[in-house]
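Please open the structure in a viewer and keep the selection tool at hand. The stops below are best visited in the order given.

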Amino acid sequence: PLPASTAANSPAIDTVVVLGEEARDETSPVATAGRELVDGISKILGRAVALGDASSPRTSSTLVIGTRDAFSSLEGVPSSSSPSPLDHSDGYWIDPSSSSSSSARILGHDARGVLYGAFAYLSKLAQGELSVESAAWGSAPQAPVRWINQWDNMDGSIERGYGGRSLFFEGGAVRDDLARVKEYARLMASVGLNGIVINNVNANASLLSEASLRDGVKRVADTMRPYGVRIGLALNFDAPRTLGGLATSDPLDAAVVEWWTRTTQLVYHYVPDLLGYTIKANSEGQPGPLSYGRTLAEGANLFARALAAHGDGLVFYRAFVYDHHLREDNPKNDRASAAVDFFAHLDGAFLDNVVVQVKFGPIDFQVREPVSPLLARLRKTKAAIEFMVAQEYMGQQTHAVYLAPQWQEVLSFDLRVDGKPSLVRDILSPAGPFAWPTTGYTAVVNVGRDTTWLGHHLAMANLYAYGRLAWAPASDARALLDEWTRLTWSTDAEVVAAVGSLLMDTWPAYEGHSGNLGIQTLCDILYTHYGPSPASQDGNGWGQWTRADATALGMDRTVATGTGFAGQYPREVAAVYEDPATTPDNLLLWFHHVPYTHPLKSSGKTVIQHFYDAHYEGAATVQTFPARWARLRGKVDDARWAHVAFKLAYQAGHALVWRDSVCRFYHALSGIADDKQRVNNY
Ligand code: GCW
């Protein structure tokens, strides 16, 4: 509940009236919105709130909600003649003021818009920002695609999941108890997310068996639907062979087409509002169209046709196609080039309901990467971006690392397509340069059954910020963080300031002690992706190479002398990256192979001295976290306080392990002393 003094100024709602047919439909997000408002307002204001319908009397203490069409009068509501959030899918408009003759109102463009409006109202109310004098406001998401990917396996494990076992699966089937799935859908709706692919992209074909669809997948869809969350499925390309018993999975084979057509019909029978299919093919050992001599587009279009026969389902075809047995002895080989090499020439060859899902960087969720050039190379074919909330390369939720500042940098990067302003966040908008109607955001989240959801209570800031950025990609990472703290920890200004400053320090600190100047996260590359192991980057086919030797390090990705990757960007961006003199220091080693003694533009320090200093500074920042958190004891709830205190103590120790491992590795390799004499004597 809000402090009594703040609550006294808040709108004194005692009844929520839900308009329209949907009010009686328990599966409609409109009905959900009514229940959430009654529950939320009564808890925040500490007073009884009743649920009413169109026939209930309305007073100045009534909040009336419904789709725009359900309101008989739209007095004072912005009309279509002026641009209004109510003209966009999922948009809402809220007028919290009331008088003797009019009640407060929440209108949605559609049913989901009503629910998003309800959560927006509750968010402001809970932060003490809503008073009877508050002005009306509205909002609509910039993009229709605001999805989550879960990498859940049907045995209940989660690939790269750090928050416990799967909410969805156990023992090869959907779980009986879906209570947490319902909570997840609620959580998603509260931050504006509208879709989820529930199973691992390394997919188990048996998910598509009729028994699994009927007894399992259908129940998941039914559970999430009242929150406006639609579900999608990740497919195994080889399912016609492995599940269907066919001799081939060739996408142009008539029996294969027929198999996917029938299977998709069955999926729609149980999930009539299917979100679509996600496909990881010809990637990391997964089968795909290339295995049958077909193009990636021919593979994607097979599913696109099967879906188009039923609804608006989308094929999300992952651009994460690369050779993981790449030869390092060929200086031209470069995993970073793979997405453009595999996809750019297929622009326009994909059917309309295909979206290419592109990881934000060319490699794999590293602590620092340039933006994927593929986002500038598809025009007729649509793309969506893929982020990762699960911190696979970012400390795996034993470290607190707030990722929104990184995403914000990605989203505000200007790719200069055709020499014109082309911010990534504008490209990912139907109103953007390519006018893609179906574009937007996906993120690998991987929550699990732990009460922490993600494995670390502070990691939830990432899920919150992801949802809010997917809705409004120009949002400020710090502002989102403060909102999250007020909503989930405390409205106390000291707590908000302390949590905010601590979490804003985490990504720079993690970059400092894990891998600088664009060298990537120097973790164990071969399996865990956890903890320092700078030597593991090279000498294997995974292609996350540093090419470090006794005198120099970094990947030469220039057109002139390197792999040519820099040339995949539009002209102006390519020119910046082609030259070490113009490449930003934080990407120097991503694009250039330079001696350890190469001086940096920003500081004049050598690369190796920067490595030493940044590792010491990053680790030193992390040493401050436990004491900063200790000051919040008693100001937030004890259980979560203790959980975070434990994690931060470990993080502080592990940052030292990172610092010393990486510094000593490069000291031993280069033989160059640290100016400050920290790493020289061991
Ligand atoms: O980051 C890598 C992970 C794999 C993952 C793959 C992908 C699901 O290490 O575990 O597989 O990316 O994105 O497909």
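**A guided tour**

Begin by selecting strand 12 together with strand 13 (residues 314-318): the two pair in the parallel sense over 4 bridges. The model shown is a predicted one. Within this pairing, look for G276, whose bridge partner in strand 13 is L314.

Next, add strand 11 (residues 230-235) to the selection. Strand 11 also runs parallel to strand 12, and 4 bridges join them. Here the residue standing opposite G276 of strand 12 is G232.

Now colour helix 8 (residues 296-308). Together with strand 12 and strand 13, helix 8 makes a β-α-β unit, and the unit is right-handed.

Remain with strand 12 (residues 276-279) and display its side chains. In a regular strand, side chains alternate between the two faces of the sheet. Are the residues on the two sides of strand 12 buried or exposed? G276 and T278 on one side are buried, and so are Y277 and I279 on the other, which leaves both faces of the strand covered.

**The ligand**

Select the ligand and the residues around it. The ligand is surrounded by 14 residues, and the closest are E159, K280, K359, D364 and E392. By type, this shell divides into 8 charged, 3 polar and 3 nonpolar residues.

Three side chains may be inspected in turn:

- E159: an N or O atom of its side chain is 2.5 Å from an oxygen atom of the ligand.
- R318: a polar side-chain atom lies 2.7 Å from a ligand oxygen atom.
- K359: an N or O atom in the side chain is 2.7 Å from an oxygen atom of the ligand.

On its own, the ligand has 340 Å² of accessible area, of which the protein covers 98%.

**Two loop residues**

Proceed to H592, in the loop between helix 16 (588-591) and strand 18 (594-595). The relative accessible area of H592 is 4%, so this residue counts as buried, the limit being under 20%. Select Y577 as well: its backbone oxygen lies 3.0 Å from a polar atom of the H592 side chain.

Finally, select P437, which is found in the loop between helix 11 (424-427) and strand 16 (440-444). Is P437 buried or exposed? P437 is exposed, because its relative accessible area is 51% and the class begins over 50%. To close, display V145 beside P437: the two lie 292 residues apart along the chain, while 9.6 Å separates their C-alpha atoms.

Conventions:
Residues numbered from 1 in each chain as written. Predicted model: local features only at pLDDT ≥ 70, side-chain atom pairs only at ≥ 80, totals over all residues. Heavy atoms only, no water. Buried < 20%, exposed > 50% of the residue type's maximum accessible area, 1.4 Å probe, protein only. Pairing = 2+ DSSP bridges. Right-handed = clockwise from strand over helix to strand, strands pointing away. Near = heavy atom within 4 Å. Polar contact = N/O pair within 3.5 Å; in protein donor to acceptor, adjacent residues only side chain to side chain. Areas by Shrake-Rupley, 256 points an atom, 1.4 Å probe, with all protein chains shown as cover. Nonpolar A, V, L, I, M, F, W, Y, C, P; charged D, E, K, R; others polar.
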